[in-house]
Structure formats: structure tokens, C-alpha cells
Amino acid sequence: MTFSYEHVINAYDRIRNYVMKTPLEESFYLGDDDSRFFFKLESLQRAKSFKIRGALNKMMTLTEEERNCGIAAISSGNHGSAVSYAASILGINNVIVIVPESTPQSKIDKINYFGSEVMKLGEDFDEAHVLGMKYINEQGLTYIDAYYSDPEIYGGQGTVAIEILEQNKDIDTILVPIGGGGLITGIAVAAKSINPSIRIVGVQTEACPAMLKSYEDHIFYEEYPNEESLCDALLGGVGKLSFEMAKYYVDDFIAVSERSIAKAVSFMAKEEKYIVEAGSATTVADI
């Protein structure tokens, strides 16, 4: 599969009437006379994350036959919520979301709220993915990829960059949390197509620096072990398409400590007054 800015443009045209153009709000506390910081508030999406962009874009391209087979997703929570919400928008009723046993109940509740069935498999995301793919293939379900190699998913996630640069054309650096890599690859390809000089920085938790280690070791880590982490959404291996492309578009990859992430979550809540997931707060850790 190949992925290009054209996928992002097509995705934006497809989903723009169904997803929120989330605010780009300036920080009250970060920055100085020489720099300004902004938050792209994807937590305000109805499904509470950017994942709705990729999931909805992909599901809007499905054939009637693919819909009728039944829809399935494997998720640590946010992608599952997005698939479930997208299905409710599109009137698709036969949806199952496979999650690890460790998935927070709040994320399971959101999946159920939008009408999808939840199946728990595996202790962590990597194990859930292996067991889940076996089940999906055996049942002949239509799989909605979270991050691995589907350009329609990456295209949807990349629409975040279009909005950021529409909202503030002077943005010169975008920091992006990395789990499987779909978000950063989508954003990087789109942003660099709009403004080749823009700087893209990917941020991971030290508890699971799968992308960073993939490039350091020159190994595609489809699965990656993790230590205990606040960032359930960022755990596991990286996507094949992201591994193949991100190095050409992302300027730097960094890992931040769990301690600094915890402080960042607290800072965002107590000072900036935003409730955000720990995975999102990686982008303000150590600043």
C-alpha cells in the first residue's frame, strides 16, 4: 500500500461534515516572547479522540458487501470507540470491537454506548491483536485497521494537519504522540505537503518506545514489550506503513518518562484546565 497527501485531501472532503473541526487553543502557561504553544483539542470529538477521523473515512469507503459481512476492530479503546461511533453515524449495526483485558472500563463503556459489542482477548494490545486477527479471519469479518497499513485510516488522521494549518498558518512545529504511528504519519505527510519547512516531532513514552527503537535498531517492531504505563493508548508495536514512511517525514523522535507524563497530565488539568489522556500529554511532558 502507498499513502500520499491525496488520501488526506479525499478524506477531508469525505468526513468534514461529520467530525468536529476542533479548536486550536493557545496555552496560558507555556511559551515566552519568542515562542507560542497551541493545543489541538481532539478530545472534544464526540468519540473523545482523533481516531474518529480515520475510522469514519475508512468505513465510508466500504462496499455494501463489506458492511454486510460484519465490522470488526482491535483496539486499546479509542479506535474501538471511534469505529463504534462511525458505525452509528452510518447505520451499521453488526460491529464487534476486540480489546485487551487491561482496557479501562471507561473506554469499554464508550464502545458499548455507541452500540457495538466488546470482546476481551489477551493481556495486552499485541496479544489482543494476534488473537483478534485469528478470530476475525475465521469469522470472515471486515477488519477496520487501527494503524497498520490502511491508507484510508492514515488519510483520515492526516486531516488534523489540514485543520491546524488552516487555523494558524504560522505554526512551525507540530508535536505528535506516537502509538502505532498512523497519526504522526498522516499529519507529517499532510503538513509537509502544505508547508515543506514545518518541523514534525514524534513523542513516545519510555515505557514503550517502539517507533524510536525501530529506527535505532533498523528493525520493524510489529510487536514491542512495554513496562507499566499510564499511556494505554500508546502501547504495542508500530504499523508497517508508518515504519516505512515516517522516517522520511518526521524530523525527530523522542521518548519521555512516565514521571514527566504524570506531571503533564496534572499540569493540563490544574493549570490549562483540560482533561486529557496521558498519551496526549506526552507532547507537553518535559517542556
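Hi everyone, here is a short walk through two sheets, two helices and a few single residues of this structure.

A word on where the values come from. This is a predicted model, so local features need pLDDT of at least 70 and side-chain atom pairs count only at pLDDT 80 or more, while totals for chains, interfaces and linings use all residues. Residues are numbered from 1 along each chain as its sequence is written, and side-chain values use heavy atoms, with hydrogens and water left out.

Let's begin with the sheets. When I say helix or strand, I mean a DSSP run, numbered from the N terminus: H or I with at least four residues for helices, E with at least two for strands. Two strands pair if DSSP finds at least two bridges between them.

One open sheet has four strands in the order β5-β4-β3-β6, with parallel pairing. Its edge strands are β5 (117-120) and β6 (142-143), each of which pairs on one side only. Helix α5 (residues 105-113) packs on this sheet and touches β4 and β5, and its direction makes about 145° with that of β5. For that angle, axes are lines fitted to C-alpha atoms, for helices over the stretch in contact, and angles run from 0 to 180 degrees between N-to-C directions.

Now please find β3, residues 71-74. Four bridges join β3 to β4 (residues 95-99) in parallel, and A72 stands opposite I96 there. With β6, β3 pairs in the parallel sense over two bridges, and I71 sits opposite T142. Which way do the side chains go? In a regular strand they alternate between the two faces of the sheet. In β3, I71 and A73 point one way, A72 and I74 point the other way, and all are buried. Buried here means under 20% relative accessible area, exposed means over 50%, and partly exposed is in between, using a 1.4 Å probe and protein chains only.

The other open sheet has three strands in the order β7-β8-β9, and the pairing is parallel. Because β7 and β9 stand at the edges with a single partner strand each, one side of each is left without a neighbour in the sheet. The twist averages 25° from one strand to the next. Between β8 and β9 there are five bridges in the parallel sense, and Q204 stands opposite A255 in β9.

On to the helices. Helix α8 covers residues 182-194, 13 residues in total, and reaches 18 Å from its first C-alpha to its last, close to the 18 Å expected at 1.5 Å a residue. That expected span is 1.5 Å times one less than the number of residues. How many of the residues of α8 are buried? Eleven of its 13 are, so the helix is mostly covered. Among them are G182, I184, A188 and K192. The cover includes α1 (5-15), α7, β7, β8 and α10 (240-249), where contact means heavy atoms within 4.5 Å.

Helix α11 (residues 258-272) has 15 residues and reaches 20 Å, close to the 21 Å expected. Its buried residues are E258, S260, I261, A264, M268 and E272. As background, an α-helix has 3.6 residues a turn, so residues three or four places apart point the same way. What covers the buried residues of α11 includes β1 (24-32), β2 (35-40), β8 (199-205), β9 (252-256) and α12 (278-281). After α11 comes K273, whose phi is positive, near 70°.

The end of α11 brings us to Y29, which sits in strand β1. The C-alpha atoms of Y29 and E272 are 243 residues apart along the chain, yet separated by 7.3 Å. Leaving aside neighbours within four places in sequence, Y29 is in contact with F267, E271 and E272. Y29 is partly exposed, with a relative accessible area of 49%.

Next is N168, in the loop between α7 (151-167) and β7 (173-177). N168 is buried at 15% relative accessible area. Its side chain reaches the backbone nitrogen of D170 at 2.9 Å. N168 also touches L24 and F38, not counting residues up to four places away in sequence.

Finally, the cysteines. How many disulfides does the structure hold? Zero, taking a disulfide as a pair of cysteine sulfur atoms within 2.5 Å. For C208, the nearest cysteine sulfur is that of C231, 9.7 Å away. C208 is buried, with a relative accessible area of 1%, whereas C69 is partly exposed at 38%.

Note on methods:
Polar contact = N/O pair within 3.5 Å; in protein donor to acceptor, adjacent residues only side chain to side chain.
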